Amino acid sequence: MDVRLTRAGNRMIGLAMMMLVSAVIGTVVVAAAKSPAKPATPEPPAAAPAAARATPTTTPLPTKYVVLTFDDGPDVEYTPKVLEILAKYDAKATFFEVGQNVQKHPELTKLVHAAGHSVENHTWTHADLRKLSATAFRQQIMSTDQAIRAQIGSTPGCLRPPYGAVNAAVQQRAKALGKDLVVWTVDSRDWTKPGTTAIVQRVIKNVRSGSVILMHDGGGNRSQTIAALPIILKTLKAQGYGFRTLTC
């Protein structure tokens, strides 16, 4: 059936189409106006309060300082006395320990370390390293390392050759074992038992900033060292010296 619209009918359909298009456009505009705006980029979270952050703190090293060293221990009589005096004057030191003494008194090595001092290698039997074969040299050092490591949980990097005895072979062998040789610049000669006054004077007269001072907490009667140490520490502190330990 052929349907024909009158002119009036065509106008009515055209008007209806215009109204439909206007309604759709209006709906889109309204929807766009009601849609939320694009969210703003979120700000980064605020930093945690200072109290909540882990901030490592370290005690500044003194710029004017000496290095106190004690050889031949640990000794059941004198090492605890040295530790007590050092604690009283808030001084730290480096202990060059003989391996066989560590084996006899392991609790003292542990005590020295726990007090914040450095524990280093002074051979197993206090041997003159110049006179040893390569094998004996290695045994002296490695056995002492093992004894100390068992007590403090770390291996000494410093090696003090007994008597300060060094030659080219000692230097080469120490380097091969990863050791730094450490001697001293100020010798109190306390092992000669010259008297308390002489020990004090030898240290105080010769000390400079950076001096490495040699004393003993083992290897014999060290009562004169025990008597001299408080005087030395009190005098050094009065002169503005601080104390550093050795690590290699």
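## Nonpolar cores and salt bridges in a predicted model

The largest nonpolar core comprises 33 residues, and those with the most contacts inside it are Leu 68, Phe 70, Leu 86, Ile 213 and Leu 233. At least two residues of this core come from each of the strands β1 (65-71) and β7 (211-216) and from each of the helices α2 (78-88), α5 (134-152), α7 (196-206) and α8 (223-238). Of these elements, α8 gives the most to the core, with 6 residues. The structure described here is a predicted model, and the statements below should be read with that in mind.

Ile 213 offers a view of the packing around one of these core residues: leaving aside residues up to four places away in sequence, Ile 213 touches Val 66, Val 67, Leu 68 and Thr 69, and also Val 186, Val 203, Val 207 and Leu 236. Apart from the largest core lies another core, of 7 residues, among them Leu 129, Ile 141, Leu 159 and Ala 174.

Turning to charged side chains, the structure holds 5 salt bridges, including the three listed here.

| Acidic residue | Basic residue | N to O distance |
|---|---|---|
| Asp 128 | Arg 130 | 2.8 Å |
| Asp 128 | Lys 131 | 4.0 Å |
| Asp 145 | Lys 179 | 2.7 Å |

The side chains of Asp 145 and Lys 179 meet in a salt bridge, with N and O 2.7 Å apart. This pair links distant parts of the chain, since Asp 145 belongs to helix α5 whereas Lys 179 sits in the loop between α6 (168-176) and β5 (180-181), 34 residues apart. Asp 145 is buried, and Lys 179 is buried as well.

Elsewhere, salt bridges that share partners join Asp 128, Arg 130 and Lys 131 into one network. Asp 128 forms a salt bridge with Arg 130, the closest N and O atoms being 2.8 Å apart, and another with Lys 131, where the closest N and O atoms are 4.0 Å apart.

How do the members of this network stand with respect to the surface, buried, partly exposed or exposed? Asp 128 has a relative accessible area of 12% and is therefore buried, because buried means under 20%. Arg 130 counts as partly exposed because its relative accessibility is 43%, and Lys 131 counts as exposed because its relative accessibility is 68%, the cut-off for exposed being over 50%.

Technical notes
Residues are numbered from 1 along each chain as its sequence is written. This is a predicted model: local features need pLDDT of at least 70, side-chain atom pairs count only at pLDDT 80 or more; totals for chains, interfaces and linings use all residues. Side-chain values use heavy atoms; hydrogens and water are left out. A nonpolar core is a set of buried Ala, Val, Leu, Ile, Met, Phe, Trp, Tyr and Cys residues joined through side-chain atoms within 4.5 Å. Buried means under 20% relative accessible area, exposed over 50%, partly exposed in between (1.4 Å probe, protein chains only). Helices (H or I, at least four residues) and strands (E, at least two) are DSSP runs, numbered from the N terminus. Contact means heavy atoms within 4.5 Å.
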